[in-house]
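Reader: I am new to this structure and should be grateful for a close look at a single part of it. Please explain how that part is placed among its surroundings, and then how those surroundings are built.

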Amino acid sequence: MSRGLTQPVSGGPERRPHPASVAVVALGANLGDRERTLEEAVRDIARLPLVDAITVSKSIESVALTPEGPDDQAPPYLNAVALVTTRLAPTVLLALLHRIEAAHGRERPALRRGQQPTWADRTLDLDLIAYGDVIADTPELTLPHPRAAERDFVLGPWLAVDPDAVLPGGGRVDALLENLRESPNR
């Protein structure tokens with residue numbers, strides 16, 4: 001992408017480049033060569049237009065989750081979190097993350113209005129967890145991710161790359177993780 005695309009058009013009104021924000025992206029895979037898939041996905045994200053930097057946690061392994069709870073019969077997930085400094089709008093970033101998933105064999109069934117997404121094994125899962133301090137609830141975008149505070153495989157890696165992390169509307173990530181780990185329903 002040309003750097004000129006972020007510059008004002010001569011003769012037109014002066015426009016300042018969109019400021020960069022830090023997006024939190026959770027990565028997961030439980031099918032195929034999980035480690036290689038996550039590494040390739042990180043490279044794909046880093047190559048997106050208007051992505052300035054990316055910091056990635058170490059990968060951790062977690063049990064697959066279903067609406068009924070953990071499923072230790074399913075292949076385990078490899079998970080990581082990436083902090084992506086970007087000037088892309090959140091909806092654009094999410095659409096590009098979905099393209100990266102598709103390029104790695106992820107299938108997203110079309111949903112009818114009001115239908116919940118299905119839970120299934122995945123070659124690659126890229127979730128936009130947070131985008132700066134944006135809070136949104138539209139058909140296209142929910143920020144922060146509605147189940148982020150319930151997932152230690154997101155909170156732990158996020159905390160490892162940002163010890164001062166805050167989930168917008170949810171609080172400090174270290175406190176959320178501590179509460180989650182102390183929960184009797186765990």
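Which residues does Leu 128 touch, not counting residues up to four places away in sequence?

Author: The model is a predicted one, and the description that follows concerns that model. Leu 128 touches Ala 23, Val 24, Val 25, Pro 90, Leu 93, Leu 94, Leu 97, Leu 141, Leu 143 and His 145, once residues up to four places away in sequence are set aside. Leu 128 itself belongs to strand E7, which covers residues 125-131. Its relative accessible area is 5%; the cut-off for a buried residue is under 20%, so Leu 128 is buried.

The list of partners can be read element by element. Ala 23, Val 24 and Val 25, all touched by Leu 128, fall within the range of strand E1, residues 21-29. Pro 90, Leu 93, Leu 94 and Leu 97 are also touched by Leu 128, and these four are among the buried residues of helix H2. For Leu 97 a distance is also available: its C-alpha atom is separated from that of Leu 128 by 8.2 Å, although the two residues are 31 apart along the chain. Leu 143, a further partner of Leu 128, falls within the range of strand E9, residues 142-143.

The neighbouring position in the sequence deserves attention as well. Asp 127 also lies in strand E7. It is buried and yet has no salt bridge; Arg 151, the nearest side chain of opposite charge, is 4.1 Å away. A salt bridge requires a side-chain nitrogen of Lys or Arg within 4 Å of a carboxyl oxygen of Asp or Glu. Apart from neighbours within four places in sequence, Asp 127 is in contact with Val 24, Val 25, Ala 26, His 145 and Arg 151. Val 24, Val 25 and His 145 therefore appear in the contacts of Asp 127 and of Leu 128, under the 4.5 Å limit that defines a contact.

Helix H2 supplies several of the partners and may be considered next. Its 14 residues should span 20 Å at 1.5 Å a residue, and its end C-alpha atoms are indeed 20 Å apart. Its buried residues are Pro 90, Leu 93, Leu 94, Leu 96, Leu 97, Ile 100 and Glu 101. These residues cover an arc of only 165° around the axis, which puts them on the same side of H2. An α-helix has 3.6 residues a turn, so residues three or four places apart point the same way. On the other side of H2, Arg 99 and Ala 103 are exposed. The buried residues pack against E1, H1, E6, E7 and E9. After H2 comes Gly 105, which has a positive phi, near 90°.

Helix H1 is arranged along similar lines. It has 13 residues, and the 18 Å from its first C-alpha to its last is close to the 18 Å expected at 1.5 Å a residue. Thr 37, Leu 38, Ala 41, Val 42 and Ile 45 are its buried residues. Since these residues cover an arc of only 140° around the axis, they are on the same side of H1. They pack against E1, E2, E6, H2 and E7, and the strand that holds Leu 128 is thus a partner of the buried residues of H1 and of those of H2.

Charged pairs are found in this region too. Within H1, the side chains of Glu 40 and Arg 36 meet in a salt bridge with an N to O distance of 2.9 Å. The two residues are four apart in H1, and so about one helical turn separates them. Asp 44 forms a salt bridge with Arg 47 (3.1 Å, N to O), and Arg 47 is exposed, with a relative accessible area of 61%. A third salt bridge, between Asp 52 and Arg 87, has an N to O distance of 3.0 Å. This pair links distant parts of the chain: Asp 52 is in strand E2, Arg 87 is in the loop between strand E6 and helix H2, and 35 residues separate them. Asp 52 is partly exposed, at 42% relative accessibility.

Finally, the part may be set against the whole. The protein chain has four helices and 11 strands, and 38% of its 186 residues count as buried. Of the contacts between residues at least 6 apart in sequence, 67% join residues at least 24 apart; Leu 128 and Leu 97, 31 residues apart, form one such contact.

Definitions and conventions. Residues numbered from 1 in each chain as written. Predicted model: local features only at pLDDT ≥ 70, side-chain atom pairs only at ≥ 80, totals over all residues. Heavy atoms only, no water. Buried < 20%, exposed > 50% of the residue type's maximum accessible area, 1.4 Å probe, protein only. Expected span 1.5 Å × (residues − 1). Arc of directions from axis to C-beta. Lys, Arg positive; Asp, Glu negative; His and termini not counted.
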